[in-house]
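Work through the exercises below with the sequence and the coordinates open. Each task is followed by a solution in steps.

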Amino acid sequence: MTINTPRVIALRGVFLLLILIVTWFAMTRLPLFDEDEGEYAEVAVEMAKSHDYITPTLNGTPFYEKPILAFWLEAPLVEVFGTQPWVFRLPSELACLIWLWLIMTFAKEYLNTDTGRLAQLFCASSLGVVVSAQAAAMDGVLSAVIAAGLFDIYRYFKTAGQSYVIRVYLWMALGFLAKGPIAVAIPLIASAVFFAMEKKWALWFRAIFYVPAWIVFLLITLPWYVMQYHLMGQAFIDYFLLRENLGRLVGGLQGHTGHWWYYLPVLLFIALPHTALLFHGVWQGFVNRKKDPVLRFLLIWFATVFVVFSIAQTKLPHYLLIGLTPLFLLMGLYHGSLKARWWWIVLGIEWIVMAILPNRLAIMHSEGHSVYVSALLSRITEVIAQGYYSHLLLMVITTLLLAGLLRYQLKVTMAETTRLSVMFGSHLLLLYLLLPAVANLQEQPVIDLARYAKKLNEGVVADNRMPSFAVLLGQPTQNRHAKPGELVFLRVDQLMDYPHHQILQQEGGLVLLRVDR
């Protein structure tokens with residue numbers, strides 16, 4: 001049994017604050033990552049410049065892929081603060097803080113405060129949350145509103161209070177504006193399964209047909225959708241609702257497909273460094289599910305997300321984020337029964353992977369993969385030369401020293417020492433070694449070429465797969481075949497599209513060229 005002394009409680013609070021500060025500082029320094037962050041950012045920039053808050057555009061063309069909420073949140077910030085990367089990430093950062101608060105509030109009501117504190121720590125330091133939920137997209141916002149909605153569904157189950165029903169529809173409406181129908185589908189399916197298993201069908205149907213809640217939902221969602229349809233017509237319905245939503249369920253968009261078991265290995269990575277505890281918590285929750293309906297609710301929540309996205313033909317790792325909230329709570333509840341060595345094993349694997357990764361990437365470069373990938377990886381030696389291994393060694397030493405400080409100076413238990421030191425050490429590894437190296441490899445060429453193109457002060461034709469280029473350039477690019485004399489930004493594997501050209505600058509698989517007259 002874990003004894004939580006005031007010192008341990010205070011330490012957990014300090015580490016949560018430290019993790020949040022370290023994350024914020026790192027995210028302000030990292031450039032925008034393509035394709036998603038660059039895409040959201042450029043749309044927000046164009047909205048800020050045009051002041052058209054109804055129809056988002058990407059490089060001047062109506063952008064139907066995402067709902068409007070992201071750009072409503074980001075565009076005003078761009079008008080005030082400019083186009084620094086942290087500006088686009090701020091809504092996600094704030095949403096994640098709300099997400100953490102929601103986790104603690106629910107844990108206090110139906111589990112215990114200690115579980116809430118640990119669940120917050122596990123959430124804030126998990127790889128998936130740091131990389132996807134705090135990026136300049138809507139994954140963090142969707143995770144927060146899904147959590148708010150599902151938590152209120154359980155409160156409704158316990159109290160039958162109709163005010164909770166209205167709140168659920170409010171959260172679903174915001175989610176519908178953030179990501180579309182999935183924000184309604186997940187709460188609807190999860191609640192139906194849970195209420196059916198608990199033999200509370202009548203209570204569920206009362207919520208489904210509660211008219212005031214539907215009025216709230218429609219008042220929030222309908223205005224923008226109706227205005228967008230009025231302005232854009234059937235093209236909006238065909239692309240946004242049919243292709244981008246129904247299409248992701250029945251077909252693999254943009255090559256993002258996978259087998260039915262796709263999300264099993266994703267779980268191994270998305271919760272790092274808490275992977276062992278994640279599986280342990282799910283198993284313990286399943287074993288003890290008959291003891292408390294909250295355990296059954298959390299398991300059904302996760303299972304719904306896992307099954308729905310496993311069935312869907314379009315698959316991406318970050319889709320699973322909205323199903324992690326119940327797992328963080330189960331991890332917090334059953335943390336004490338996982339042996340400390342499992343934490344160190346996971347972190348040890350992370351250290352080994354980070355040590356051999358550069359060499360493996362260099363081998364991939366020499367093996368001659370696609371022209372673009374090979375050119376991209378040609379910079380691996382340059383990236384590693386910038387202190388990669390010395391930073392890795394420093395982080396290993398820092399983690400071990402932290403463990404020693406907690407155990408022998410502060411007299412913290414071995415289990416608590418392990419959790420806190422491994423968590424923080426892995427967090428540093430991700431934010432100050434892996435992500436900067438990836439950013440340098442992938443995005444530094446984009447940054448350099450945008451700076452060069454900006455000096456030329458001309459319009460640029462560019463492939464939309466690197467939308468951050470337009471943000472850095474300070475003006476929309478044109479996604480079309482270039483005419484003689486025009487500037488073109490493209491990947492090296494597209495050079496065959498312009499047999500007659502003059503290369504102005506080339507870096508890391510990307511080229512800025514001028515088409516010959």
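Helices (H or I, at least four residues) and strands (E, at least two) are DSSP runs, numbered from the N terminus. The model is predicted, so local features need pLDDT of at least 70 and side-chain atom pairs count only at pLDDT 80 or more, while totals for chains, interfaces and linings use all residues. Residue numbers start from 1 along each chain as its sequence is written, and side-chain values use heavy atoms, with hydrogens and water left out.

**Exercise 1. Backbone outliers**

Task: find where Lys 411 and Asn 457 lie, and state the phi of each.

Solution.
Step 1. Most residues other than glycine have a negative phi, and most peptide bonds are trans.
Step 2. Lys 411 sits in the loop between helix H20 (388-409) and helix H21 (414-442). Its phi is positive, near 60 degrees.
Step 3. Asn 457 belongs to the loop between H22 and E3, and its phi is near 55 degrees, also a positive value.
Step 4. Accessibility is classed as buried under 20% relative accessible area, exposed over 50% and partly exposed in between (1.4 Å probe, protein chains only). Lys 411 is exposed at 60%, and Asn 457 is exposed at 66%.
Step 5. For the peptide bonds, the one from Asp 34 to Glu 35 is cis, with omega near 15 degrees; Glu 35 is in the loop between helix H1 (6-29) and helix H2 (36-50). The bond from Leu 272 to Pro 273 is cis too, with omega near 5 degrees, and Pro 273 falls in the loop between helix H13 (263-270) and helix H14 (275-287).

**Exercise 2. The sheet**

Task: give the strand order of the open sheet and say which strands stand at its edges.

Solution.
Step 1. Two strands pair if DSSP finds at least two bridges between them.
Step 2. The order of the 4 strands is E3-E4-E6-E5, with mixed pairing.
Step 3. The edges are strand E3 (460-462) and strand E5 (501-507); each has a single partner strand, so one side of each lacks a neighbour in the sheet. On average, neighbouring strands of this sheet are turned by 25 degrees against each other, direction ignored.
Step 4. Strand E4 (residues 487-491) and strand E6 (residues 510-515) run antiparallel and are joined by 5 bridges. Leu 490 is opposite Val 511 in E6.

**Exercise 3. Salt bridges**

Task: how many salt bridges are there, and where do the partners of Glu 37 and Glu 198 lie?

Solution.
Step 1. A salt bridge is a side-chain nitrogen of Lys or Arg within 4 Å of a carboxyl oxygen of Asp or Glu. The count by this rule is 14.
Step 2. Glu 37 pairs with Arg 89, the closest N and O atoms being 2.8 Å apart. Glu 37 is in helix H2 and Arg 89 in helix H4 (residues 85-110), 52 residues apart, and the pair links distant parts of the chain. Glu 37 is buried at 5% relative accessibility, and Arg 89 is buried at 1%.
Step 3. Glu 198 and Arg 296 form a salt bridge at 2.6 Å, N to O. Glu 198 lies in the loop between H9 and helix H10 (201-208), while Arg 296 is in helix H15 (residues 293-311), so the pair ties together parts 98 residues apart in sequence. Both residues, Glu 198 and Arg 296, are buried.
Step 4. Arg 451 and Asp 448 meet at 3.9 Å, N to O. They are 3 residues apart in helix H22, so about one helical turn separates them.

Notes: Axes fitted to C-alpha atoms, helices over the stretch in contact; angles between N-to-C directions.
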